[in-house]
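Reader: Hi! I would love a close look at the packing in this model, with the cut-offs spelled out as we go. Please take one part and follow it outwards into the rest of the chain.

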Amino acid sequence: MPHIDPEHHDGTSDATPGGEENQRRPGELAFALILLVASLALLWNAYGISGFTALSGAGAIPMATSFVMAVTAGIVALKTARLPLDRAETIARDILPGVVLIFAAFLVAYGFLLRPLGFLPTSALFLIATIKILSGRSLGWTVLVSLGSLLVVWLIFRIVFTVLMPAGIVPEGEIIQMFRNLIGGGNP
């Protein structure tokens, strides 16, 4: 993972919405316009529920809510469009760096793999890959930390809170029953 560029960042988080108050960040106008279009689409869908027939109609509250969303999104888009673009920032470096895209892809893959593989293998793959990328440590250290963390999470949620996780290819129920039989808590 690349280190912080000291000439560009001081290492702190930019928690001010929109970055500098008097400048527009890269992609900010496009995001505001996407919000406006989405709000207008929601308003159209809300109107389709029952039209504007009565204040007590089924679509009245959804229309009012989406109307407020569309108006505020329009105001934000107009204010954002009037600001000059901050030329010191780029989308790839400051707004959406590669590591964010990689993690988004990992999360999508996690969602797709959870049902066929199950919680344990999918989470193990996810943790090993992400911890390796973020830490840059050795593979042995990464696997040890990943599997240790996964074991703790699994024990807490599956054993203590009895939350059922997608089993997939690992026969969790049989493994738990084997340990119960070894301890003497189950019927052999």
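Author: Happy to! Contact here means heavy atoms within 4.5 Å, and helices are DSSP runs of H or I with at least four residues, strands being E runs of at least two, numbered from the N terminus. With that in hand, start at helix α6, residues 139-160, whose buried residues pack against both α5 and α7 (172-183). Those buried residues of α6 are T142, S146, L150, W154 and R158, where buried means under 20% relative accessible area, exposed over 50% and partly exposed in between, with a 1.4 Å probe and protein chains only. An α-helix has 3.6 residues a turn, so residues three or four places apart point the same way.

Two notes on the basis of all this. The model is predicted, local features need pLDDT of at least 70 and side-chain atom pairs count only at pLDDT 80 or more, while totals for chains, interfaces and linings use all residues. Residues are numbered from 1 along each chain as its sequence is written, and side-chain values use heavy atoms, leaving out hydrogens and water.

Back to α6 and its length. The expected span of a helix is 1.5 Å times one less than its number of residues. For the 22 residues of α6 that gives 32 Å, and the end C-alpha atoms are 30 Å apart, which agrees. After α6 comes T162, with a positive phi near 50°. Close to the start of the helix there is also a charge-ring arrangement: the charged end of R137 sits over the ring of W141, 4.1 Å from the ring centre. To count, NZ of Lys or CZ of Arg must be within 6 Å of the ring centre and within 35 degrees of the ring normal.

From α6, step to its partner α5, which covers residues 119-135 and holds F126. F126 counts as partly exposed, at 21% relative accessibility. Its ring is involved in one of four aromatic pairs. Rings of Phe, Tyr and Trp (its six-membered ring) pair if their centres lie within 6.5 Å; planes under 30 degrees apart are stacked, over 60 edge-to-face, and the rest tilted. In helix α4 (residues 98-117), F103 and F106 lie three residues apart, about one turn of the helix. The ring centres of F103 and F106 are 6.1 Å apart with planes at 70°, so this pair is edge-to-face. F106 is partly exposed, at a relative accessible area of 25%. Y110 and F126 have ring centres 5.5 Å apart and planes at 65°, so they too are edge-to-face. That second pair links distant parts of the chain, Y110 being in α4 and F126 in α5, 16 residues apart.

Ahead of α4 is helix α3 (residues 91-95), home of D94. D94 is buried, with a relative accessible area of 13%. Its side chain makes a polar contact of 3.5 Å with that of R93. A polar contact is a pair of N or O atoms within 3.5 Å; within protein, one must be able to donate a hydrogen and the other to accept it, and neighbours in sequence count only if both atoms are side-chain atoms.

For a second packing helix, look at α2. Its 23 residues, 60-82, reach 33 Å from first C-alpha to last, close to the 33 Å expected. Its buried residues pack against α1 (28-50), and among them are M63, S66, A70 and G74. M63 is buried, at 9% relative accessible area. Beyond residues up to four places away in sequence, M63 touches L43, A46, Y47, G51 and F52. From M63 to L43 is 5.6 Å, C-alpha to C-alpha, across 20 residues of sequence. G74, at 17% relative accessibility, counts as buried as well. The C-alpha atoms of G74 and L35 are 8.5 Å apart, with their positions 39 residues apart along the chain.

The unreviewed UniProt entry adds a "transmembrane region" annotation over residues 29-47, 59-78, 90-112 and 141-161; such positions use the numbering here, feature names are shortened, and annotations may be inferred rather than shown by experiment. Residues 29-47 are 100% helix and 0% strand, with end C-alpha atoms 27 Å apart. Residues 59-78 are 95% helix and 0% strand, their end C-alpha atoms 28 Å apart.

Finally, the whole chain. It has seven helices and zero strands. Of its 188 residues, 21% count as buried. Among contacts between residues at least 6 apart in sequence, 56% join residues at least 24 apart.
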